[in-house]
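Subject: Structure for you to look at, with notes

Dear colleague,

I am passing on the structure that we talked about, together with some notes for you to read beside it. Please open it first, and then go through the notes in whatever order suits you.

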Amino acid sequence: MIEIRQLKENPEFAEAVKLQRAIWGFDEIDLLPVRLFVTASKIGGHSFGAYDGDRMVGFCIAIPGIKQPGAKSYLHSHMLGVMKEYRDLGLGRKMKLAQRDDAIRQGIDLIEWTFDPLEIKNAYFNIERLGAIVRRFVLNQYGTTSSPLNAGLPTDRCTAEWWLQSDRVNAVLEGRPVIGRRP
């Protein structure tokens with residue numbers, strides 16, 4: 001049984017850094033370092049790990065942001081990854097739901113993240129399985145990366161908006177039909 005738990009200690013953060021290499025094949029320059037995980041945990045963000053026994057097999061990290069105008073705070077879920085042999089087991093969704101629970105507990109009603117629109121499985125997951133909506137598209141968001149997944153292609157991204165307690169999200173998470181276009 002896979003357990004999802006919040007990461008709190010440097011050795012746990014270091015495991016998440018190792019997973020980035022294993023999942024995406026990143027070079028050192030593209031890795032999120034331990035110090036970002038430490039900082040996120042201290043300033044209102046969070047990170048979670050998916051564990052098979054003592055082995056971390058997935059992780060996610062979110063950092064706080066502020067929406068202008070009006071200075072409304074939200075979380076930006078910057079990265080979520082699962083080892084290949086553990087994909088399609090619902091771990092990504094479980095980690096996102098842990099993020100949602102933590103955000104709601106903090107009084108936050110929005111989590112955003114970017115995703116590659118060419119990765120149809122991710123688009124389906126974000127929109128159909130979580131209830132996120134997309135209103136923005138950004139050309140070459142991150143520039144060139146060392147990941148073999150992008151293979152020198154521009155990093156065009158859609159921005160997912162996950163309105164955590166919206167009718168749409170509640171309906172999707174409860175398995176009810178989504179009616180209307182409102183987020």
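Is Thr159 buried or exposed? At 6% relative accessibility, Thr159 counts as buried, because the cut-off for that word is a relative accessible area under 20%. Please keep in mind throughout that this is a predicted model, and that the values below are computed from it. Thr159 belongs to strand β7, and, if its neighbours within four places in sequence are left aside, Thr159 is in contact with Glu112, Trp113, Thr114, Ile133, Val134, Arg135, Arg136 and Val138.

One of those contacts, Trp113, leads on to the aromatic residues. The structure holds five aromatic pairs, and in one of them Trp24 and Phe26 are stacked, with 5.5 Å from centre to centre and 20 degrees between the planes. Trp24 and Phe26 are both buried. In another pair, Trp113 and Trp162 meet edge-to-face, at 5.6 Å centre to centre and with 80 degrees between the planes. This second pair links distant parts of the chain, since Trp113 is in strand β5 (residues 110-115) and Trp162 is in strand β7 (residues 157-163), 49 residues apart. Both of these tryptophans, Trp113 and Trp162, are buried as well. Ring pairs also link Phe13, Trp24, Phe26, Phe37 and Phe59 into a cluster.

Two lysines are placed over aromatic rings. The charged end of Lys96 sits over the ring of Trp113, at 3.7 Å from its centre, while Lys67 lies over the face of Tyr74, 4.6 Å from the ring centre.

Lys96 is part of helix α3, which covers residues 91-105. This helix has 15 residues and reaches 21 Å from its first C-alpha to its last, which is close to the 21 Å expected at 1.5 Å a residue. The buried residues of α3 are Leu91, Gly92, Arg93, Met95, Lys96, Ala98, Gln99, Arg100, Asp102 and Ala103, a list that includes the charged residues Arg93, Lys96, Arg100 and Asp102. After α3 comes Gly107, with a positive phi near 85 degrees.

As for the strands, β2 (residues 46-52) and β3 (residues 55-67) run antiparallel and are joined by seven bridges, with Ser47 standing opposite Ile61 in β3. The hairpin of β2 and β3 has two residues between the strands, and Gly53 in that hairpin takes a positive phi near 65 degrees. On the other side of the turn that follows, β3 pairs with strand β4 (residues 72-82), again in the antiparallel sense, over ten bridges, and here Ala62 stands opposite Ser77 in β4. Four residues lie between β3 and β4 in their hairpin, and Gly70 in the turn has a positive phi of about 100 degrees.

Two further backbone angles may be worth a look when you go through the loops. Most residues other than glycine have a negative phi. Asp88, although it is not a glycine, has a positive phi of about 65 degrees; Asp88 is placed in the loop between β4 and α3, and counts as exposed because its relative accessible area is 62%, where over 50% is needed. Asn140, which is also a residue other than glycine, has a positive phi near 45 degrees and is found in the loop between β6 (133-138) and β7. With a relative accessible area of 37%, Asn140 is partly exposed.

You may also want to know how the cysteines stand. The count comes to zero disulfides, where a pair of cysteine sulfur atoms within 2.5 Å would be counted as one. Cys60 is buried, with a relative accessible area of 0%, and Cys158, at 12% relative accessibility, counts as buried too.

Finally, towards the other end of the chain from Ala16, Gly175 lies in the segment after α5 (167-174), and is exposed, with a relative accessible area of 65%. Gly175 and Ala16 are 159 residues apart in sequence and 31 Å apart in space, taken from C-alpha to C-alpha.

With best wishes

Definitions and conventions: Residues numbered from 1 in each chain as written. Predicted model: local features only at pLDDT ≥ 70, side-chain atom pairs only at ≥ 80, totals over all residues. Heavy atoms only, no water. Phe/Tyr/Trp six-rings, centres within 6.5 Å; stacked < 30°, edge-to-face > 60°. Buried < 20%, exposed > 50% of the residue type's maximum accessible area, 1.4 Å probe, protein only. Lys NZ or Arg CZ within 6 Å of the ring centre and 35° of its normal. Expected span 1.5 Å × (residues − 1). Contact = heavy atoms within 4.5 Å. Pairing = 2+ DSSP bridges.
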